[in-house]
Every structure is written in C-alpha cells, then in structure tokens.
Amino acid sequence: MPIMPPPNGFYYIALFILWPLVAYKIFKRYSLDRSIILLFLVPYLFLPVPHGGMTPIKLPLFPPLDKEAVPVFVALALIYMNKIKLDYLPKFRWSLVFCLAFLLSPFMTVFANNDPLVFGTRVLPGLKFSEALSIFAGVYIKVYVPFIIGFSLLNTNRAHEEFIKMIFILGLVYSLIMVYEVRMSPQLHRIVYGYFPHDWIQQIRAGGFRPVAFLGHGLLVALYGCLMTISAFILWRNRHEVMKGKGAFVVLYFIAVLILCKTYSAVIYFLAFLALTLFLSIRMRLTVASVVGLIFLFYPAVRSLLPLSEITEFFMDLNPDRAASLQFRFNHEDHLLEKGNERPWFGWGTWGRNRIYDPLTGKDLSVTDGAWILAYGIFGWLGYIGSMGLLAYPVFALKRTLNDKTEKDFSTYTLGLVFILMIYMIDQIPNASLCHLSYLIAGAVLGRAKQLAESRSRPITEGLRPA
C-alpha cells in the first residue's frame, strides 16, 4: 500500500474540537437512548479513519486518540458529567465468565510470551508487563466500555427501536455519499481529511468503484449498507411512522444502493435476513442465530469440519477472481492456524509474533484478513473466547429467556439487532469489521436478555432518562 500523505488540519479539528462539541449538543438535545446511539454511530460514520503512518496523540499506556478511541472517551465524559451509572461487570449468568476472560487475556498473553523470536535478521522482542497494561487499556476502551454502555443503557424495547431507526436515518444520509462515490470515485475522505485511507486498487470492482466514504474500505461501507437496508425493511414492515408514504420505495432504493456497493457478502447477508424473517418464527430465528454464534465461538476448533472447498466452488461459478481471492485467504489461514495451535491457550502476543516469517530472510509471509485468526493467533483461546464470547453470548442468553410468557415481549427491533450481531460474527471469518458499534449492539442485546429474564418474576419497567 502506498505511503499516505499526512492528514490536513481539519482531521484534528474534527477529532478534538468539532466532535466533542457536536456530542455535547446531541446529549443535551435528545433522550438518553438516542443520545448514546448517536454518540457511537455518528463518529463511526463520519470521523476520519485512523492514519496508517501517524497518530494524532498517543499517551503512555493508552490507545491512540483516533476515531476508535475519541468517541468512547467523549461518551464516558458525558455519562460521568450527568452522573449516570454503568454496570462495569455484568453479572448475568455466563456473561461474567466471558468478561473476565476478555479482561485477563492481555496479561496472560504477555506472561506467556516473554521470549524473543528470531527469523533470520528479523528479531521480535519478548513482551513486557507494560505492554500488558497498554493492550488492556486499548481493548478496555475500544471494546469493553461500549459493551457495558450498551448493557447498562440500551436494554429496553424503546432503545432497540431507536437503534434501528438511527441506523436507517443516518443510512439515508450515507446513501447519498455512497452513490456519489460509486459515480465519481471514492475521494471524499481525501478531500475532507487530506489522505486516502486504504489501497486504491481494492476499491475498483466490475469496471467501477466501491464507495469508501469515511469507513476506510469498500467492504465496511457495503456492510453498513446491509445494516441500513435491514433496518429500513424492519421499519417498513412494522409500518413505522418514519416510513409512512414511501416506505417500499425507500427499501428498494436501499437495496439498489447495496447492490451498487459491489460486495457479494453484504448482499448475501441481506438475502439471508429476508429468508429468516419471512419464513421462520421468532423461536427458529433465535435458534439459527444461536447455532451461528456457537460455530463462531469455537470456529478455530471446528473450521476443519466446515465445507470450505464447496464455498469456494460456489463463488467460482459467480466470479472466478473472487473465488481465487477466497481460496488465497483460506490457504493463509491454514498456516496461521497451524502456528496458533503451537501456543493455543494464550497465543503469540503482539508485535507481529503471530505471523509467519521466512526462517532465513525474515520476510513476512502472512496475509491476515479475518478477525478470528487475528484474535486466536494473538491471544489464544482465552482471548478468543473472551472477545468473541462478548458477541456470541448475548444471543445465547436471549434465546434462553424465550418462553410463552416472554415471547410477546420480543420486539422485531430486538430481533433485528440480533441478526445484525449475527452478521458481525459471520463477517469476522473473511474480514475484520469489528468496531465499538458491534460491541455496543452486543451489550444492548445482553441487557435486554437480562430484562426479559427478570420479567419472569416481575414486570419490566422501561428505562427513563435519569434526572
């Protein structure tokens, strides 16, 4: 990938001045649930992608203050300023196990990897305790805090309706950006922030362009295109007030935009959502989501049992180039998984220690696309179960609460978030699309599961904004 030019001045203004001011206005103007959703969704869609060559501000032991961290710090500051309480260690059935595994994994990984690795002229240092603190701070801020915010503050039917509605409304705005870049080429990030955030050649598809917008890659834009189309369909099917008049037209427009993103996986995700929604009951949809979550949670162990060759052959009929790319990924994952299994419990750690190198020259031979192989190779089973369990367990917990008494309390908006969560899990196999939004949704689903479990013995009281 070519060297990125430095960001312009507006990059810093947007991160450190404009967004905190906008976030403050959002928090003061809207209800608590809508405010929290917008505090994560707006910066995800519009703030600059982290620069590949430089960091705006890097404090000792803290993650870089970029698009991934600044929104979390701003949200925490507003929550504390308004004296809103968070449940920092969700104690709901098995959720505590996954939380503790996630929080302990950086320390166990560092303690198990204090030996240097030598590959020809390349030397990868052993890990130190200070690096455990730095890794912990990074995953705590970027992953765990959004999860507990969702669990604590977005656990009602009303909050889930707001979530789907905000994904849709911001999708209307984003669709204009997407259509513009499909036609004019993905230049908006360079125009606004001064640099293009990824490899240009990867955004060229089918004689045209995939939109990149402010997400960094066409795959991520297509994924959000899928989420906003799902949200539009849910609102239209529920005859929501925001869809009155031209709901069917908007859904068809979003489907067209999704197709223009030129990404097979995103279209397949949406078609799967349609099939499950139209033909399966609530119970069966949650069962399918739970099976997907179970496979995802143990994917490094069950991968060899899956029909990967058949999947490649299926795409070969659609697009031989994409099939070759998929097989290329599978081949590299085979080698990376083999190395990961040499240190299965706590992984190899950071600094590229999980990658494969030529033993004589030290050349890096690895290509890592899927988040699952990154998590397993770096943190081993403990970190993998912890980080991916935060995504999968909310689905299990929600499924467990389903009975004749609670089924009437399962809103289509909650089921929509469950399917979005399932999409995020599936997408971590070929890609790495996890972000604070993913874990915010996971926390919201787990919080709703807890509410429904409690409803077996007492009525649910919908949360109101604290004074």
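Good morning. I shall begin with a single residue, H332, which is buried, with a relative accessible area of 16%. The model before us is a predicted one, and every value I quote is computed from it. H332 has its place in helix α14, which covers residues 320-340. If we set aside the neighbours within four places in sequence, H332 is in contact with L365, S366 and V367.

Let me turn to the packing of helices. Two packed helices are described by the angle between their axes and the distance between the axes. I have three pairs to present.

The pair α15 and α17 comes to begin with. Helix α15 spans residues 371-401, and its axis comes within 8 Å of that of α17, with a crossing angle of roughly 30°. Because the angle is under 35 degrees, α15 is roughly parallel to α17. The crossing is left-handed. On the α15 side, the contact is made by S387, L390, L391, Y393, P394, A397, L398 and T401. These meet S438, Y439, A442, V445, L446, R448, A449, L452 and A453 in α17. By class, this contact has 13 nonpolar, 3 polar and 1 charged residues.

Helix α17, residues 436-454, also packs with helix α2, residues 32-46. Here the axes come within 10 Å and cross at roughly 155°. That angle is over 145 degrees, and α2 is therefore roughly antiparallel to α17. This crossing, too, is left-handed. In α2, the residues I36, F40, L41 and Y44 meet H436, L437 and L440 in α17. The residues of this contact divide into 6 nonpolar, 1 polar and no charged.

The remaining pair brings us back to α15, now with helix α5, residues 129-153. Their axes come within 11 Å, and the crossing angle is roughly 15°. The two helices are therefore roughly parallel to each other. Helix α5 passes α15 in a left-handed crossing. The contact is made by I135, V143, Y144 and F147 of α5, together with F379, L390 and P394 of α15. In this contact there are 7 nonpolar residues, with no polar and no charged ones. You may recall L390 and P394 from the contact of α15 with α17; both appear here in the contact with α5 as well.

I now come to the cysteines. How many disulfides does the structure hold? The count is 0. Why does C99 form none? The closest cysteine sulfur to that of C99 belongs to C435 and is 18 Å away, which is too far for a bond; the cut-off for a disulfide is within 2.5 Å. C99 counts as buried, at 0% relative accessibility. C226 is likewise in no disulfide, the nearest cysteine sulfur being that of C261, 10 Å away. C226 is buried, with a relative accessible area of 0%.

Next, the backbone. Most residues other than glycine have a negative phi. Two residues deserve our attention on this point. For A213, phi is near 50°, a positive value in a residue other than glycine. A213 lies in the loop between β4, residues 208-209, and α8, residues 218-237. Is A213 buried or exposed? A213 is buried, with a relative accessible area of 0%.

The other residue is W351, whose phi is near 65°, again a positive value in a residue other than glycine. W351 lies in the loop between α14 and α15. Its relative accessible area is 55%, and W351 is therefore classed as exposed.

A213 leads us to Y174, a residue of helix α6, which runs over residues 157-184. Which residues does Y174 contact, leaving aside its neighbours within four places in sequence? They are L45, F46, A213, F214, L215 and Y224. Y174 is buried, with a relative accessible area of 0%. Computed along the chain in residues, Y174 and K67 are 107 apart in sequence, and from C-alpha to C-alpha they are 18 Å apart in space.Finally, A272 is found in helix α10, residues 264-279. A272 is partly exposed, with a relative accessible area of 34%. A272 and W236 are 36 residues apart in sequence and, from C-alpha to C-alpha, 18 Å apart in space.

That concludes my presentation. Thank you for your attention.

Technical notes:
Residues numbered from 1 in each chain as written. Predicted model: local features only at pLDDT ≥ 70, side-chain atom pairs only at ≥ 80, totals over all residues. Heavy atoms only, no water. Helix = DSSP H or I, 4+ residues; strand = E, 2+ residues; numbered from the N terminus. Buried < 20%, exposed > 50% of the residue type's maximum accessible area, 1.4 Å probe, protein only. Contact = heavy atoms within 4.5 Å. Axes fitted to C-alpha atoms, helices over the stretch in contact; angles between N-to-C directions. Parallel < 35°, antiparallel > 145°, perpendicular 65-115°, else oblique. Left-handed = near helix turned anticlockwise from the far one by under 90°. Nonpolar A, V, L, I, M, F, W, Y, C, P; charged D, E, K, R; others polar.
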